[in-house]
Amino acid sequence: MMKQAQQMQAGMLAKQEELAATDFEASVGGGKVTVIANGAGDVKSITIDPAVVDPEDVEFLQDLVLKGVQEAISKGKEATAEEMKGLTGGMGIPGM
């Protein structure tokens with residue numbers, strides 16, 4: 001039993017490392033803002049279409065960037081949760 005738990009833990013750590021290195025992309029505003037974040041939640045890049053830059057409406061651009069960042073990070077968290085659920089057989093293990 002202990003050996004199985006250690007194997008499960010090793011598998012989960014390996015999967016977490018793999019997901020942390022995986023990029024997740026989110027595009028918002030009809031593709032006007034694209035954000036890439038890794039599975040660890042680190043934002044790697046933000047691309048903004050110059051057509052959406054309007055000095056008279058900075059709040060719109062700020063909202064798009066925020067939404068893009070949130071969506072990219074959320075995709076990484078969802079992928080991690082699904083992988084962990086698969087590895088644990090759906091058992092609710094605290095911290096995973």
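Which residues does Thr-22 touch, not counting residues up to four places away in sequence? In this model, which is a predicted one, Thr-22 touches Ala-37, Asn-38 and Gly-39 once those sequence neighbours are set aside. Thr-22 itself sits in the loop that runs between helix 1, residues 2-20, and strand 1, residues 23-28, and with a relative accessible area of 29% it is partly exposed. Its side chain reaches back to the backbone oxygen of Glu-18 at 2.8 Å, while the C-alpha atom of Thr-22 is separated by 8.2 Å from that of Gly-76, a residue 54 places away along the chain.

Glu-18 brings me to the salt bridges, of which a search of the whole structure finds four; I will go through three of them here. As a reminder, side chains of opposite charge can pair when their charged atoms come close. Lys-15 and Glu-18 meet through their side chains in a salt bridge of 3.4 Å, N to O, and both residues lie in helix 1, three residues apart, which is about one turn of the helix. Lys-15 counts as buried because its relative accessibility is 19%, and the limit for that class is under 20%, whereas Glu-18, at 46%, counts as partly exposed.

The side chain of Lys-15 also meets that of Glu-83 in a salt bridge, here at 3.6 Å, N to O. This pair links distant parts of the chain, since Lys-15 is in helix 1 and Glu-83 is in helix 2, 68 residues apart. Glu-83 is partly exposed, with a relative accessible area of 32%.

Turning to the strands, Lys-44 forms a salt bridge with Asp-23, and the closest N and O atoms are 2.9 Å apart. Because Lys-44 lies in strand 3 and Asp-23 in strand 1, the pair ties together parts that are 21 residues apart in sequence. Asp-23 counts as partly exposed, at 41% relative accessibility. To return to the helices, salt bridges that share partners join Lys-15, Glu-18 and Glu-83 into one network.

What, then, of strand 2, residues 33-38, where Thr-34 has its place? At 15% relative accessibility Thr-34 counts as buried, and a polar contact of 3.1 Å joins its side chain to that of Ser-27. Leaving out residues up to four places away in sequence, Thr-34 touches Glu-25, Ala-26, Ser-27, Ser-45, Ile-46 and Thr-47.

Ile-46 appears once more, because together with Val-43, Ile-48 and Val-53 it makes a nonpolar surface patch of about 300 Å². Val-53 lies in the loop between strand 3, residues 43-48, and helix 2, residues 58-88, and at 48% relative accessibility it counts as partly exposed.

How values were computed
Residues are numbered from 1 along each chain as its sequence is written. This is a predicted model: local features need pLDDT of at least 70, side-chain atom pairs count only at pLDDT 80 or more; totals for chains, interfaces and linings use all residues. Side-chain values use heavy atoms; hydrogens and water are left out. Buried means under 20% relative accessible area, exposed over 50%, partly exposed in between (1.4 Å probe, protein chains only). A polar contact is a pair of N or O atoms within 3.5 Å; within protein, one must be able to donate a hydrogen and the other to accept it, and residues adjacent in sequence count only if both atoms are side-chain atoms. Contact means heavy atoms within 4.5 Å. Patches are made of residues with over 30% relative accessible area and no salt bridge: like charges are joined within 9 Å, nonpolar side chains (Val, Leu, Ile, Met, Phe, Trp, Tyr) within 5 Å. Accessible areas come from the Shrake-Rupley method with a 1.4 Å probe; for residues, only the protein chains shown count as cover. Helices (H or I, at least four residues) and strands (E, at least two) are DSSP runs, numbered from the N terminus.
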